[in-house]
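Please look over the chain below, together with the nucleic acid strands that accompany it. The report that follows takes up the sheet, one helix and the contacts with DNA.

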Amino acid sequence: MTNASPSPPLLSPPRPRTVAASPPTRLAHTVFAVRDYDLARTLTSGQTFRWRRAGAGWEGVLGTRWVRLQEQPGGIAATALDPGSDWAWLRDYLQVDTDLARVLASFPDDPALGAAVRAAHGLRLLRQDPWECLASFLLSATKRIVQIEHIVALLCRRFGQPLPTPAGCPTEFAFPTPARLGACGESDLRDCKMGFRAPHLRASALAVASGQLDMAALAALPLAVARDRLMDLPGVGPKIADCVLLFSLGHPQAFPVDVWVARALRQFYFAGRTVTTDQLRAFACHHFGPFSGYAQQYLFDYLRRGSRRAQDGAPAIRSAVDSGPEVSCV
DNA sequence: GTCCAGGAGCCAT
DNA sequence: ATGGCTCATGGA
């Protein structure tokens, strides 16, 4: 962080500033050689909510580690404190070994998706921690992305473990554990501006903390089974379950249908006819293929950025789609 | 003031 | 099965 104040903004109640007595202050560096990876677009595409721009790079927290990333020719440079024996944890998170060309080659020849892919070259999917992903998307219901980022930041600052950071960087906080959030009162959570989502987060935290739901074991289950387990949680419906499956459990065919994607699918593939979101999801998983989740992320990013550009007064970047032929389906 | 946001649950037909 | 309403919060 280059423009951060030495101490975080005041919050009530104040929390102790104590950090580990002797934090490992030695910086470790590495570079991941990878092509077709747009780091900025990936980190700001609404799949994760804790990365912040820092100069020419990005700073964030993964698990209990502070991390700095910066795109450079031919790869991604990473800095961390005490990375351990290797960088497998970060390599896995960034999914640098994913062959993006193979993903794109699996897509159907499709005007809407084609335009979205051309507009977001290098957009990737991350492999996130399942609990953080579940909790974050529990908070996402009818919220804008900037608001989700704000709520998550409040939550981490109040209930997350303080983490060592390099000299000159503000203290960071781990994402709160299920046990910690389960121990919170509902009003404690509401203080983080999450409104009616507070009881959902609390109940899910308790389910995970008690072992009733084993997030680690979930990754080994088939998509449909894991999806049903997730939807047993209060506040978790099809959309949030699909986000967790796609962004943290390694199911690239999961296809979250939010208001943006639903709108786009209805317009481009159903000519405005009335179809349920469940029908949209079933269509998309088939039409876009085994990596339909990637297609979803390209469409979401394309529409969202196009909309924001339109709001700024510039023409929306949708001409390639609007002028394309309608694809008749179902 | 009104509308809407990476939804889900409940209740009425 | 399906449609409408409600749940907080904040920005346009």
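## Sheet, helix and DNA contacts

G63 takes a positive phi near 60 degrees in the hairpin of β3 and β4, which has two residues between the strands. This is a predicted model, in which local features need pLDDT of at least 70, side-chain atom pairs count only at pLDDT 80 or more, and totals for chains, interfaces and linings use all residues. Residues are numbered from 1 along each chain as its sequence is written, chains are lettered from A and ligands numbered from 1 in the order in which they are written, and side-chain values use heavy atoms, with hydrogens and water left out.

Helices (H or I, at least four residues) and strands (E, at least two) are DSSP runs, numbered from the N terminus. Two strands pair if DSSP finds at least two bridges between them.

**The sheet.** Five strands form an open sheet. Their order is β1-β5-β4-β3-β2, and the pairing is antiparallel. β1 and β2 (52-54) stand at the edges, each with a single partner strand, so one side of each lacks a neighbour in the sheet. The twist averages 30 degrees from one strand to the next. Axes here are lines fitted to C-alpha atoms, for helices over the stretch in contact, and angles run from 0 to 180 degrees between N-to-C directions.

Strand β3 (residues 57-62) runs antiparallel to β4, with five bridges joining them. G60 has V67 as its bridge partner in β4. V67 in turn has A80 as its bridge partner in β5. Six bridges join β4 (residues 65-72) to β5, again antiparallel. The hairpin of β4 and β5 also has two residues between the strands, and there G74 takes a positive phi near 85 degrees. On the other flank, seven bridges join β1 (residues 27-33) to β5, and these strands run antiparallel. A28 is bridged to A80 of β5.

How many residues of β5 are buried? Seven of the seven (residues 75-81) are, so the strand is largely enclosed by the rest of the structure. Buried means under 20% relative accessible area, exposed over 50%, partly exposed in between (1.4 Å probe, protein chains only). G75, A77, T79 and L81 point one way from β5. I76, A78 and A80 point the other way, and all are buried.

**Helix α6.** This helix has 15 residues (residues 145-159). The expected span of a helix is 1.5 Å times one less than its number of residues. For α6 that gives 21 Å, and its end C-alpha atoms are 21 Å apart, which agrees. Its buried residues are I145, I148, I151, V152, L154, L155, C156, R157, R158 and F159.

**DNA strand B.** A residue is near a strand if one of its heavy atoms lies within 4 Å of it. There are 26 residues around DNA strand B, and G46, R144, I145, R263 and Q296 come nearest. They divide into 13 nonpolar, eight polar and five charged. Ala, Val, Leu, Ile, Met, Phe, Trp, Tyr, Cys and Pro count as nonpolar, Asp, Glu, Lys and Arg as charged, and the others, Gly among them, as polar. Of the strand B atoms within 4 Å of the protein, 57% belong to sugar or phosphate and the rest to bases.

Polar contacts (pairs of N or O atoms within 3.5 Å) are tabulated for both DNA strands.

| Residue | DNA atom | Distance |
|---|---|---|
| S140, backbone | strand B, phosphate oxygen | 3.4 Å |
| I145, backbone | strand B, phosphate oxygen | 2.6 Å |
| W260, side chain | strand B, phosphate oxygen | 2.9 Å |
| T142, side chain | strand C, base nitrogen | 3.4 Å |
| K143, side chain | strand C, base oxygen | 2.9 Å |
| Q147, side chain | strand C, sugar or linking oxygen | 2.8 Å |

Elements that give two or more residues to the surface near DNA strand B are α12 (238-247), α13 (259-269) and α15 (292-311). α12 gives the most, with four residues.

**DNA strand C.** The residues around DNA strand C are T142, K143, R144, Q147, R190, K193, G195, F196 and R197. By class, one is nonpolar, three are polar and five are charged. Of the strand C atoms within 4 Å of the protein, 52% belong to sugar or phosphate and the rest to bases.

Definitions and conventions
Polar contact = N/O pair within 3.5 Å; in protein donor to acceptor, adjacent residues only side chain to side chain.
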